[in-house]
Amino acid sequence: MIAELFKGLAVTMKHIVARKRVTVEYPEVRRKLPPRARWRHVLLRHEDGLERCIGCSLCAGACPAHCILVIAAENREGARYSPGERYAQVYEINELRCIFCGYCQDACPVEAIILRDIIDFSDYSRTAEIYTKDMLLAP
Amino acid sequence: MRILFKHLDVPDIDDMDVYIREGGYKALEKALKEMSPDGVIQAVTKSGLRGRGGAGFPTGKKWAFIPKDPSLKKYLCCNADESEPGTFKDRELIVRNPHQLIEGMAICCYAIGSERAFIYIRGEYIEPARKMEQAIAKASNRGFLGERILGTDFNLQIQVYRGAGAYICGEESALLNSLEGIRGEPRLRPPFPAIKGLYESPTVINNVETLANVPHIVLNGGEWFASIGTEKSTGTKVVSMSGHVNNPGNYEVDMGTPVREIIFEHAGGILGGKRLKAYVPGGSSVPMLTEKHLDVGLDFESMLAAGSMLGSAGFMVMNEDTCIVRATLNMARFYAHESCGKCTPCREGTSWMVEMLESIEEGTGKMGYIDRLVDIANNINGRSFCALGDASAMPVLSSIEHFRDEYETHVSERGCPFAGDRGFALRGG
Amino acid sequence: MADEVNLTIDGRQITVPKGTLVIEAAKKLGIEIPIFCYHPKMEPVGACRQCLVEIEGFPKPQVSCSTRVADGMVVRTNTPEVKQMWEIVLEFLLINHPLDCPVCDRGGECPLQDNTFRYGPPDSRFEHEKRHFEKPVALSSLVVLDRERCILCFRCVRFQREIADQPDIQVFNRGYGDYIGIFPGRPFDSNFSGNTIELCPVGALLSSVFRFRARPWEMTSTESICPNCGVGCNIRVNARNFRRVVRYLSRDNPEVDGGWLCDRGRFDSTFINDPERLTKPLVRRNGELREATWEEALEAAVDGMKAAGLRAAGIGSANRTNEQNYLFQKFMRLVIGTNNIDYTMEPMAPGGTDALVAGLTSGFFSGSIRDVASSDVIVSFGSDISQELPVLDLWIKKAVRKNGSKLIFAYPLRAELAKYASSFLPYSYGKEAGFAAGLAAAFVGKAPEQAGGLSGDEIESAAKILSEAKIVALLVSRSVIESAPDGMETYRALESLVGTLEARGARVQVMLLVDGANTQGGMDVGLLPGYYPGYRKIDESSCSEIAELWGAEPPPEPGLTGWDVVREARNGGVLALWVMGQDPARDLVRAKEIAEALGKLDFLVVQDYFLTETARMANVVLPSCTFAETKGTFTNTERRVQRINQAIYPMSDSDSDTDIILKAAFTAGAQFEYGRIESIFEEIARVVPQYGGLTFDSIGPFGRQWEVRR
Amino acid sequence: MKISGEAQRRILDAKTRYPSRSSAILPALHILEEDQGYVTEEGMAEIAGLLDMPMSDVGGVASFYSMFMQRPSGTYRLDVCRTLSCALLGSEHLVDYLSEKLGIKVGETTPDGLFTLRTVECLGDCGKAPVMMAGDTYYEDLTPEKLDAILDDLRRKAEA
């Protein structure tokens with residue numbers, strides 16, 4: 001009986017002393033995410049700095065949570081944002097509604113949007129979670 | 001037998017007085033004074049004369065389609081838009097003997113009840129057009145044209161209308177559009193020109209050579225004409241010989257004359273004593289034939305049986321040095337340039353074929369292009385709006401049929417296997 | 001029967017009229033054949049070759065869009081060969097088509113996409129450089145062209161020639177280099193250019209108004225009526241997120257518009273979401289208009305109007321719905337207590353309105369738009385139809401060009417339709433009555449020396465054309481009856497003309513042409529100072545009749561017309577005015593006089609979308625909704641009552657005109673109770689005899705004409 | 001540039017010569033080209049007015065035919081046939097020869113504005129291949145030597 005008690009304690013002690021900790025001290029310590037982690041969206045640019053996004057709204061069409069809004073406009077002389085005629089004047093994602101399925105990334109014909117491993121985007125208000133184009137665009 | 005070129009040796013036969021002296025305008029007089037319009041149509045029908053523009057439609061039948069209703073205006077359009085590559089017979093017929101054509105046209109108009117005729121002549125034929133206009137003016141002065149011709153109550157006005165460089169306008173309905181002043185694209189049929197042609201009126205459209213035969217038929221009778229040539233292809237045919245032959249030019253031969261005789265006797269054989277590689281017997285719109293087909297008779301039926309067509313009998317002869325891919329590319333470019341753009345298969349397909357042929361000739365082609373070319377050609381053929389599409393497929397299909405190995409060599413050797421000029425050298429060069 | 005033929009398509013028998021196209025016969029059987037160049041309203045061309053089918057007895061495949069049926073014909077569309085042909089034509093079309101569907105406005109509603117998905121090849125075998133053109137090219141301020149996308153179906157070119165007869169665009173070049181274009185420096189300047197955008201089976205022709213505004217799947221489509229003119233073309237209002245109207249599309253009503261829209265109507269969608277729209281009620285305080293709450297504004301409005309007592313007036317609108325206008329006049333009559341109500345402030349000739357009403361109630365004006373198509377002579381009197389009622393212009397052109405109908409065009413200026421007229425009669429302004437009388441007289445053989453500024457010969461030539469007519473469509477502009485001098489005489493002359501024609505055995509249909517989208521409806525529901533709703537002339541008996549229907553007594557004396565109001569305002573006869581949906585201070589002809597009169601008023605209420613010239617002068621401005629934000633009915637020039645439906649939410653704090661008036665009535669303590677818009681229409685159907693029996697549902701998607709009994 | 005009075009008169013004359021006035025379009029465009037060297041936009045607009053036709057139709061027709069130049073060209077257009085019969089007898093060499101001699105590519109005009117070099121499809125004179133059209137004249141059985149003589153001749157004509 002006593003022996004069992006010590007046996008059990010020994011298991012506990014072993015875990016306390018010898019096993020690695022699971023908990024990490026976020027945000028000081030960050031856990032390595034799996035390579036295909038899909039979190040916050042990023043809008044990419046071409047090498048020359050132009051936006052990849054052409055404002056086609058296919059991401060919004062594919063989105064099962066209806067969390068993307070795209071309003072397109074025409075590139076003009078002196079105000080070119082993307083190659084071709086069309087660009088996204090407004091690009092917004094409501095990250096609270098997003099279910100991180102990655103369909104937007106699949107739907108994108110120009111590989112402009114990807115879900116990156118950015119996990120820390122919590123905030124105190126709902127409106128702050130509506131990410132606008134300048135927040136989403138890669139620098 | 002020489003019918004159309006009968007007077008060719010007569011100096012100045014283009015002069016009306018000489019033409020009259022040689023028996024000219026006798027046929028018109030006979031038709032107007034001794035024959036009824038129906039009688040003329042019957043004689044032409046009996047002669048077995050078939051359209052010389054390429055399609056070979058029986059001329060008498062075409063005329064008979066014209067409604068008899070005298071209240072309707074009717075028109076005759078003489079198709080002198082000779083643009084078929086390798087064909088230059090109408091040019092000679094007009095320049096050398098314009099009155100023969102005028103007489104033929106007048107007889108035709110009498111037969112179909114038309115008082116107004118046009119000669120649609122290709123824009124580049126500036127001299128021939130001038131010549132024709134002068135001849136018309138002279139004939140009008142002499143009373144062979146104009147009001148109350150030869151004292152009868154038959155009136156006729158003939159006008160020359162110049163095109164401006166469009167192969168498609170040789171297609172009869174495109175010709176009508178061009179003459180009416182709209183873009184020279186072919187028209188939907190039905191209605192056929194015999195019912196609704198020029199200016200919505202019944203219209204006959206005949207080739208120069210066809211009409212030039214008419215005076216002789218009227219003068220000598222349909223039976224006489226039918227006795228020349230073969231049973232179904234009667235009369236003679238002017239063949240235009242060009243390319244690698246010693247004596248290029250126009251030759252009038254009886255229908256059914258073997259090709260060997262035409263190339264080697266009339267045209268004097270292959271340039272530089274080389275071997276024949278291929279020939280196109282009817283302008284580039286018909287399939288090419290090879291050495292194997294030298295004993296084919298020059299008539300509608302035999303040509304068809306040999307896998308080609310009589311077409312306009314414009315021969316383009318190629319010798320053994322000729323790169324067939326390059327020759328086909330040349331013809332394909334022609335069709336891509338001349339496609340009117342109205343229908344999809346022809347507009348898109350012809351230039352696609354050019355792209356592929358170019359790649360093959362330049363050595364960047366793929367083996368799959370050869371079958372693809374056949375497939376594209378087969379899909380233009382029969383699906384396009386008019387015969388131009390069909391025609392564009394012929395050089396491609398026939399050259400691959402006869403010279404597939406040459407195409408394959410182009411691909412496998414990444415370029416043209418022929419040395420130097422590939423058969424495209426300057427004469428004597 | 002000799003006029004019918006039997007044929008077999010894919011093994012199924014069908015009997016169709018002679019002359020039917022194979023593709024139409026197939027459609028009747030529910031067999032789909034892909035098309036591009038074919039369009040049922042235009043002559044076949046057989047250019048795109050997409051609709052090839054096999055027909056027994058023909059050595060080659062035939063295009064079903066231009067082959068006519070024959071008895072015993074056997075057609076096959078379901079063989080592997082046919083499928084292969086459809087596939088190859090699509091492959092041909094796609095070799096030079098840029099696959100930029102993601103940025104193309106058509107992507108998602110594109111016939112080329114649809115046909116490719118259904119019949120096209122999985123892949124292209126084309127490995128070469130595609131054709132390039134400069135793009136996009138602005139053909140006009142409204143139409144943009146992307147030549148690389150064009151598949152050369154020629155629908156646009158054919159429409160402009162066959163239907164609009166304004167051949168501004170044409171195919172240029174030849175063959176592979178073919179492109180659609182305009183003559184250099186001559187923009188695509190047609191009244192109907194927008195239709196080519198809708199006809200385009202790819203995204204080659206684009207609307208500069210709609211371009212990039214929304215993808216097809218993001219839009220809702222609401223059936224409605226164009227609010228721009230009296231034709232009342234049926235439209236679909238496309239909106240995004242129920243907030244933003246992005247475009248109008250046509251909605252084929254074969255009785256009204258035949259599927260076409262004019263540019264004025266089609267491209268006039270931007271005002272709805274204009275940032276300048278009024279969003280808050282405004283009340284004038286210390287000489288300045290300031291934002292206020294609805295309660296404050298309505299209270300101020302009602303108080304101001306009531307303070308004027310009997311010297312108050314109201315102006316309704318020709319582009320507000322029947323429901324809005326009906327409530328407005330009821331409010332003015334019962335709550336404000338005046339019959340000073342009109343739908344316009346233009347001057348009316350004495351007796352003009354009475355002549356108009358006589359014509360409408362006697363059944364004289366009983367014609368319809370479709371009569372234009374079936375008549376052999378069309379007489380147009382007093383309207384520049386091409387500008388005022390553009391789509392009716394297409395009906396007339398079609399009748400003249402396709403059916404060989406003759407047009408007698410009477411209008412003081414050489415307007416566009418003059419060139420289609422067998423007889424063009426440019427009478428002098430103000431001499432309408434003389435002209436009409438002259439024509440009527442000439443017809444009975446008493447041609448005057450001259451009439452209405454025209455010579456006797458001119459009149460006689462028109463009379464001659466009329467005398468040979470069997471079916472006549474007489475189109476009479478409202479203005480020649482109502483606002484030109486001697487309207488009643490003009491009306492009488494026309495009556496006598498029609499009488500003589502009919503006595504001779506001709507069938508005559510007379511249609512009144514009104515310019516506003518709901519001018520007709522406004523008059524029907526009582527926007528007339530001398531008439532209660534339903535053209536009841538104001539007198540004792542009609543007053544008690546209305547009192548019974550309304551449960552309250554309306555003022556018993558006829559009121560002032562809109563123009564009377566202008567005059568009276570200047571000398572204090574009218575002190576307060578309520579204007580719903582009009583901007584009389586910007587009247588084209590009399591802006592100055594009207595503005596001056598408005599300035600003299602003690603009190604002005606304006607209900608509108610924008611801060612118009614009139615609104616700037618107002619004491620209270622009430623922001624109202626456009627037709628896209630509300631529901632109701634319009635009645636067009638042929639008295640067709642048609643439904644409009646709500647496409648988007650009201651902008652900001654604006655409210656529909658019906659709600660504004662209901663709230664105003666409530667503020668004034670009146671009992672106006674309507675559960676829904678339909679309830680208002682039900683009351684109109686009870687009160688206005690012409691609308692008797694109509695319900696919102698029975699109107700249906702294509703409207704119903706109110707009955708005229710002759 | 002306005003169409004000359006003489007050309008206008010000829011166009012109006014052509015208008016009356018056919019059963020429909022639109023038939024006069026090709027004659028009118030030929031006259032325009034003679035008058036101005038190519039079918040100018042202004043000229044086409046004038047023709048549209050003279051013949052009472054839509055401008056777009058005049059433009060559409062003019063661009064359909066390859067003989068009508070849409071741009072200014074040299075005094076002489078050297079139109080060398082490139083179709084098979086001429087090609088088989090060396091017309092491609094002639095084009096290269098001309099190109100080198102004149103220092104211009106196909107489609108270009110010499111700096112002195114005298115010659116424009118073009119290739120055209122079959123001129124219908126295959127029996128005398130290779131063939132070139134310059135002005136109204138066909139030059140047949142061409143060789144580089146003949147071309148030299150022709151160019152000299154044309155230059156002399158232009159100077160005179």
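**Close-up views of a predicted four-chain model**

**Figure 1. In strand E3 of chain B, B:Tyr161 is the bridge partner of B:Tyr120.** The model shown here and in the views that follow is predicted. This tyrosine pair belongs to a longer ladder: strands E2(B) and E3(B), the latter covering residues 157–162, run parallel and are joined by six bridges. To get from E2(B) to E3(B), the chain passes through helix H7 of chain B, residues 126–141, and the resulting β-α-β crossover is right-handed.

**Figure 2. Strand E2(B) also pairs with strand E1 of chain B.** Strand E1(B) spans residues 75–80, and its pairing with E2(B) is again parallel, with six bridges. If you would like a place to start tracing, take B:Tyr75, whose bridge partner in E2(B) is B:Arg116.

**Figure 3. Is strand E2 of chain B mostly covered or mostly open?** Mostly covered: this strand takes in residues 116–121, and six of its six residues are buried. The cover extends to both faces of the strand. On one side sit B:Arg116, B:Phe118 and B:Tyr120, and on the other B:Ala117, B:Ile119 and B:Ile121, all of them buried. Two residues from the earlier views turn up again here: B:Arg116, the partner of B:Tyr75, and B:Tyr120, the partner of B:Tyr161.

**Figure 4. A hairpin in chain C is built from strands E14(C) and E15(C).** Strand E14(C) covers residues 282–285 and strand E15(C) residues 288–291; the two are antiparallel and share four bridges. Look for C:Leu282, which stands opposite C:Glu291 of E15(C). Two residues lie between the strands, and in this turn C:Asn286 has a positive phi of about 55 degrees.

**Figure 5. Strand E14(C) has a further antiparallel partner, strand E29 of chain C.** Residues 620–623 make up E29(C), and two bridges link it to E14(C). Here C:Val283 stands opposite C:Val620 of E29(C).

**Figure 6. The setting of that hairpin is chain C, with 24 helices and 32 strands.** Chain C has a radius of gyration of 28 Å, close to the 27 Å expected from the globule rule for 710 residues, so chain C is as compact as a globular protein of that length. Along the principal axes, its C-alpha atoms fill a box of roughly 85 × 65 × 50 Å. Of the 710 residues, 56% are buried. Among contacts in chain C with a separation of 6 or more, 68% join residues 24 or more positions apart.

**Figure 7. Chain A meets chain C through twelve residues of chain A and eight of chain C.** On the chain A side, helix H2(A), residues 58–62, and strand E2(A), residues 68–74, each contribute at least two residues. Which element gives the largest share of this side? The answer is E2(A), with three residues. Sorted by class, the chain A side holds six nonpolar, three polar and three charged residues.

**Figure 8. Some chains touch and others stay apart.** Four pairs of chains are in contact, and of these, chains B and D share the most contacts. Chain A has no contact with chain B, and their closest C-alpha atoms are 25 Å apart. Chain A does not touch chain D either; there, the nearest C-alpha atoms lie 28 Å apart.

**Figure 9. Chain D is assigned two stretches as domains, 5–64 and 76–159.** The first of these ranges is domain 1 and the second is domain 2. Their C-alpha centres lie 28 Å apart.

How values were computed
Residues numbered from 1 in each chain as written. Chains lettered and ligands numbered in written order. Predicted model: local features only at pLDDT ≥ 70, side-chain atom pairs only at ≥ 80, totals over all residues. Buried ≥ 20, exposed ≤ 12 C-beta atoms within 10 Å, placed from the backbone. Pairing = 2+ DSSP bridges. Right-handed = clockwise from strand over helix to strand, strands pointing away. Contact = placed C-beta atoms within 7 Å. Nonpolar A, V, L, I, M, F, W, Y, C, P; charged D, E, K, R; others polar. Domains from an automatic or database assignment. Rg over C-alpha atoms; globule rule 2.2 N^0.38 Å.
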